[in-house]
Amino acid sequence: MRYSIMLAAFSVAFASPAIAQQTDDPGLEVSEERLRADMDTIVGFGTRHTLSSQTDPERGIGAAVDWALAEFARISDTCGNCLDVMPIGRVVEADGRRIPQDTLVRNAVAIQRGVERPDEVIIVQAHYDSRVTDPLNATDAAPGANDDGSGSVMVLEAARILSQRQYPSTIIYALLTGEEQGLYGAGILADWVGEQGMTVKAVLNNDMIGNSCGSDGFCDAEHVRVFSEGLRADSTERLRARQRRFGGENDSPGRNLSRWLADVAEDYPDGMQVRQIWRTDRMGRGGDQIPFLDRGYPAVRVTVAVEDYEHQHQDLRVEGGTTYGDTVDELDWTYLTRASQLNMRALDRLARAPMPPVLSANGAVRTDTQLQWEHVDGAGYYVIVKRRTDEPHWREGEGMILSFETSASGAERPVGSMIEKIVPVRADDWIFGIAACTFGPVCSPVSSAVPGGAFYPLPVDSED
């Protein structure tokens with residue numbers, strides 16, 4: 001499903017000056033010069049290993065996090081103190097594996113509060129820590145340029161660009177530590193978001209977005225991979241039983257977020273494109289999207305199309321004529337700039353779009369299907385889509401079944417009020433989805449009418 005196609009159709013139906021699309025493209029504001037300058041600074045800390053010094057003012061993770069917090073504060077000064085800047089962390093007890101002693105894990109976080117729905121958040125994150133071959137070596141030089149200095153400089157650039165705009169939803173910019181030691185920083189942030197009562201619309205975890213060629217010489221400078229889970233990590237026994245009967249194994253919120261990102265990329269054919277990888281992460285590997293998935297939040301991993309294993313998790317050395325190490329000279333700056341542009345465009349849309357509605361479909365023993373959902377805050381209209389159960393992507397054309405205005409007889413529809421639509425197709429043969437759109441127009445990711453398809457964590461005793 002292409003949102004540009006849908007929106008072109010609906011712009012005719014709702015033609016008015018109020019629904020003109022935004023013409024500014026935040027992706028065009030990405031500066032390679034700023035990305036390079038930030039990278040020079042963060043690799044200059046020598047190592048950002050989670051177990052390195054917390055107190056050395058020039059070397060180690062403490063100095064790196066302090067600089068990131070100061071940089072977020074400087075960015076906030078340029079937008080009238082629009083960012084709440086804070087370290088979010090805790091002491092992680094020794095785990096007998098990669099945390100040999102109790103260790104402070106501290107994330108650098110900046111929060112841009114939404115002006116209409118401040119508790120509805122989008123998180124863009126990267127892990128800030130680095131490592132060499134031995135995951136417990138906290139002293140040797142570990143520049144971590146691609147892994148994950150590349151994601152880190154993108155997050156800083158996103159804060160610079162998007163903080164100059166106002167959005168209905170909140171954006172959280174996060175540089176996480178403890179990733180290489182066990183995804184600790186992400187778990188801390190995910191817990192904190194839950195404690196604040198925030199509703200997470202999407203998490204974009206950017207981990208290695210700065211190189212275009214692999215260890216075998218194969219190159220792909222046109223794509224990033226987006227990894228998304230199929231079955232929900234927070235699934236319950238009842239949900240699994242319902243999915244066995246009614247489907248939903250390919251319709252998790254993360255999977256639909258991945259589809260949505262691919263659609264955003266296609267709207268910019270000269271920009272970075274998305275190759276969807278339908279598994280939670282790479283084989284035998286993990287990333288900071290996983291703790292968010294474990295807690296039921298929609299999350300994906302954005303990463304390079306081709307990994308270069310000789311320039312990640314390596315001691316700096318030359319061996320057998322091969323140079324090893326995650327150094328700045330191995331980065332593809334054009335690739336990193338283009339990957340950053342994709343992030344800006346996606347974040348801009350996510351922060352403007354409403355929350356995806358919770359859609360239910362009832363088609364038992366009937367020749368049509370009853371669709372129901374509650375009106376969500378900020379929605380101007382809705383797009384209902386469908387696809388056959390064996391199709392991977394939402395359909396264009398006939399899949400655009402209808403649109404809904406938010407008002408009836410001139411009165412605004414109350415948030416939470418029920419909306420119903422009967423569609424003349426048999427439910428057994430189709431999967432239905434819904435996106436909420438503004439009159440901007442910009443649309444949310446699709447939420448599927450399947451068990452576990454809603455963009456919300458599942459309560460333990462959930463039936464859905």
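**Cavities, a pocket and a buried strand**

Modeller: The largest cavity in this structure has a volume of about 60 Å³, and please keep in mind from the start that the model is predicted.

Colleague: Why is that space called a cavity, while another space is called a pocket?

Modeller: The space of about 60 Å³ is called a cavity because a 1.4 Å probe fits there but cannot get out, whereas a pocket is an open set of points. By this rule there are four cavities of 30 Å³ or more. The largest pocket, for its part, holds about 900 Å³ of space. Among the 41 residues that line this pocket, F246, A361, A449, V450 and P451 are the closest to its centre, and β11 gives the most to the lining, with four residues.

Colleague: What makes a residue part of the lining of the largest cavity, and which residues are they?

Modeller: A lining residue must have an atom within 4 Å of a point of the cavity, and those that line the largest cavity are N146, M208, N211, D308, H311, Q312, D326, T327, E330 and L331. Sorted by class, this lining has two nonpolar, five polar and three charged residues.

Colleague: Which classes of residue are found in the lining of the second largest cavity?

Modeller: The second largest cavity, with a volume of about 50 Å³, has a lining of seven nonpolar residues, one polar residue and no charged ones. The residues are L204, V226, L261, V274, V302, L342, N343 and A346, and N343 is the polar one, because Asn is not among the residue types that count as nonpolar or charged. Helix α9 (residues 333-352) gives the most to this lining, with three residues.

Colleague: Does N343 lead us anywhere else, and what makes its link with N206 a polar contact?

Modeller: The side chains of N206 and N343 come to 2.8 Å, and this counts as a polar contact because the cut-off is 3.5 Å for a pair of N or O atoms, one able to donate a hydrogen and the other to accept it. N206 itself lies in strand β5 (residues 199-206), and at 0% relative accessibility it is buried, because buried means under 20%.

Colleague: How do you know that strand β4 is largely enclosed by the rest of the structure?

Modeller: Eight of the eight residues of β4 (residues 169-176) are buried, so the strand is largely enclosed by the rest of the structure. S169, I171, Y173 and L175 point one way, T170, I172, A174 and L176 point the other way, and all are buried.

Colleague: What makes β2 and β3 partners of β4?

Modeller: Two strands pair if there are at least two bridges between them; strand β2 (residues 103-112) has five bridges to β4 in the antiparallel sense, while strand β3 (residues 117-127) has eight bridges to β4 and runs parallel to it. I171 in β4 is the bridge partner of Q112, and I122 also stands opposite I171. The chain passes from β3 through helix α4 (residues 145-162) to β4 in a right-handed β-α-β crossover.

Colleague: Why is M208 called buried, but H313 partly exposed?

Modeller: M208 has 2% relative accessibility, which is under 20%, so it counts as buried. H313 has a relative accessible area of 21%, which is not under 20% and not over 50%, and therefore it is partly exposed. Neither is a glycine, but M208 has a positive phi of about 70°, and H313 has a positive phi of about 55°.

Methods. Residues numbered from 1 in each chain as written. Predicted model: local features only at pLDDT ≥ 70, side-chain atom pairs only at ≥ 80, totals over all residues. Heavy atoms only, no water. 1 Å grid on protein atoms, 1.4 Å probe; cavity = no way out; pocket = protein on both sides within 12 Å on 5 of 7 lines; lining within 4 Å. Points joined across faces, edges and corners; volume = space filled by probe spheres on them. Helix = DSSP H or I, 4+ residues; strand = E, 2+ residues; numbered from the N terminus. Buried < 20%, exposed > 50% of the residue type's maximum accessible area, 1.4 Å probe, protein only. Right-handed = clockwise from strand over helix to strand, strands pointing away.
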